[in-house]
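Biologist: I am new to this structure and would like a close look at a single part of it. Could you walk me through the disulfides and the places they connect?

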Amino acid sequence: MLPYSTRSGMFLLVVMVSAYVPTASANALNHLNLRNVISDAQCVPGFNWMNNQEGKDPCLTVAYVIAACVGDTWTQPALPPGDKYDAPNGTTATPCYCSWSCYNLMMACEWCQYPNNVTMALWSIFSQNCPSSYTNDYFPTGYTLLNNQTIPYWASIDPTKWTSGIFNVNQAQEYANQNVSDFNPSATSTTSGSKSSNLGAIVGGAVGGAAFLLILAFGVYYFCKRRRYNRLATTPPAADTNRKTNPSWQLHARQPSDPSTSFLQSETVSPAPMSYFTGSRSPPIPDASTRSLSVFTSYPAATPPRRAGSLTTNAPQHPGLPIV
């Protein structure tokens, strides 16, 4: 069974990975949910020629055009009777909203809801709040329509070419009858836009994968290190295994039968006896028969010389007294 610290660490790694996956999935779902283009307006029958090649009416198509500059999210509201759609202002003026196609499609959306009962705005009035750089093309360069939607040929006409500079339904239908293919802004921006999108996706995936592998490698290293540490910490020392009190590194010096200690034992020398002899070699220790009673010398006491005229006796000779 794994130690508690290892099991807790593995649980923490699982929690981190499980938290990362739902978060990434939730972000992806949120991103998809934000990309929402709808239209509440409905054209009356008889204006199918205004639809693009995907079958979208001008109200939904203009929603795609405006959404291209605002995160692919836009709702085109239904037009109340007698009302008209707002022109771009200081906050809503974007390259998409100020384009030719947006103006033409929005005027067509008004007309198809209430034919002959709307008052359409002049192009000069519609674009008066737009920078001049926003009003010189049917659709801004570098932007794409969601789901590869297309723009009808009649909607790409420069509004200044309409009679009196205002959208003209009859002229628009004449352009539609020419059967010119729709314009696909995504096709012109595919080379740059798709490459940048793919590059961003590749870089993001690579960074995310590398981060995940790094976290996983660190977790494996940490768990292996913790297991090794716990194994060493829980292994009893040699002294406990041998039921001895000395550590394992001292057992060799204390075992008489160990050959490795014979040299140490043979070299052990007892200290020399205390002596007042200062020569290079300790004098021999006299035996008990010749040992002097003096505590000041280690040699036997000398026999005093005989005096002239003294009598020699067989009396035992006593050792001389020590000289103080």
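Modeller: Gladly; here is a tour of the disulfides, with a word on their surroundings. Please keep in mind that this is a predicted model. The average pLDDT of the protein is 74, and 57% of the residues reach at least 70. Two stretches call for care. Over residues 20-34 the pLDDT stays under 50, and the model shows 4 contacts beyond four places in sequence for them. Residues 189-197 also have a pLDDT below 50, with 5 contacts beyond near neighbours in sequence.

Now to the cysteines. The count comes to 4 disulfides. If you number the bonded cysteines in sequence order, they pair as 1-7, 2-6, 3-4 and 5-8. Let me take you through three of these links.

Start with cysteine 43 and cysteine 112, whose sulfur atoms sit 2.0 Å apart in a disulfide. Cysteine 43 belongs to the loop between β1 and α2, while cysteine 112 is in helix α3, and the two are 69 residues apart, so this pair links distant parts of the chain. The torsion about their S-S bond is about -50°, so the disulfide is left-handed. How covered are the two ends? Cysteine 43 has 21% relative accessibility and therefore counts as partly exposed, whereas cysteine 112, at 0%, counts as buried.

Next comes the disulfide between cysteine 69 and cysteine 96, with an S to S distance of 1.9 Å. This link is right-handed, with 70° about the S-S bond. Cysteine 69 lies in the loop between α2 and β2, and cysteine 96 in the loop between β2 and α3; 27 residues separate them, and the pair links distant parts of the chain. Cysteine 69 is buried because its relative accessible area is 19%, under the 20% cut-off. Cysteine 96 is buried too, with 0%.

A further disulfide joins cysteine 98 to cysteine 130, S to S 1.9 Å. Here the torsion about the S-S bond is about -80°, so the link is left-handed. Cysteine 98 is found in the loop between β2 and α3 and cysteine 130 in the loop between α4 and α5, so the pair ties together parts 32 residues apart in sequence. Both of these cysteines are buried.

One cysteine to set beside these is cysteine 102, which is in no disulfide; the nearest cysteine sulfur is that of cysteine 98, 7.9 Å away. Cysteine 102 is buried, with a relative accessible area of 0%. It is also among the residues with the most contacts inside the largest nonpolar core, a group of 46 residues where Met50, Met106, Phe126, Phe139, Trp154 and Phe167 share that distinction. Helices α2, α3, α4 and α5 each supply at least two residues of this core, and the largest share, 10 residues, comes from α3. As for Phe167, its contacts beyond four places in sequence include Tyr103, Met107, Trp154 and Trp162.

Finally, look at α2, which has come up as a neighbour of two of the loops above. Helix α2 spans residues 58-67, and 10 of its 10 residues are buried. What covers them includes β1, β2 and α3. At its N-terminal end, aspartate 57 acts as a cap, with a side-chain oxygen 3.0 Å from the backbone nitrogen of cysteine 59. Cysteine 59 is itself one of the buried residues of α2.

Methods: Residues numbered from 1 in each chain as written. Predicted model: local features only at pLDDT ≥ 70, side-chain atom pairs only at ≥ 80, totals over all residues. Heavy atoms only, no water. Buried < 20%, exposed > 50% of the residue type's maximum accessible area, 1.4 Å probe, protein only. Helix = DSSP H or I, 4+ residues; strand = E, 2+ residues; numbered from the N terminus. Contact = heavy atoms within 4.5 Å. Polar contact = N/O pair within 3.5 Å; in protein donor to acceptor, adjacent residues only side chain to side chain. Core = buried A, V, L, I, M, F, W, Y, C linked by side-chain atoms within 4.5 Å. pLDDT = per-residue confidence, 0-100. Disulfide = S-S within 2.5 Å.
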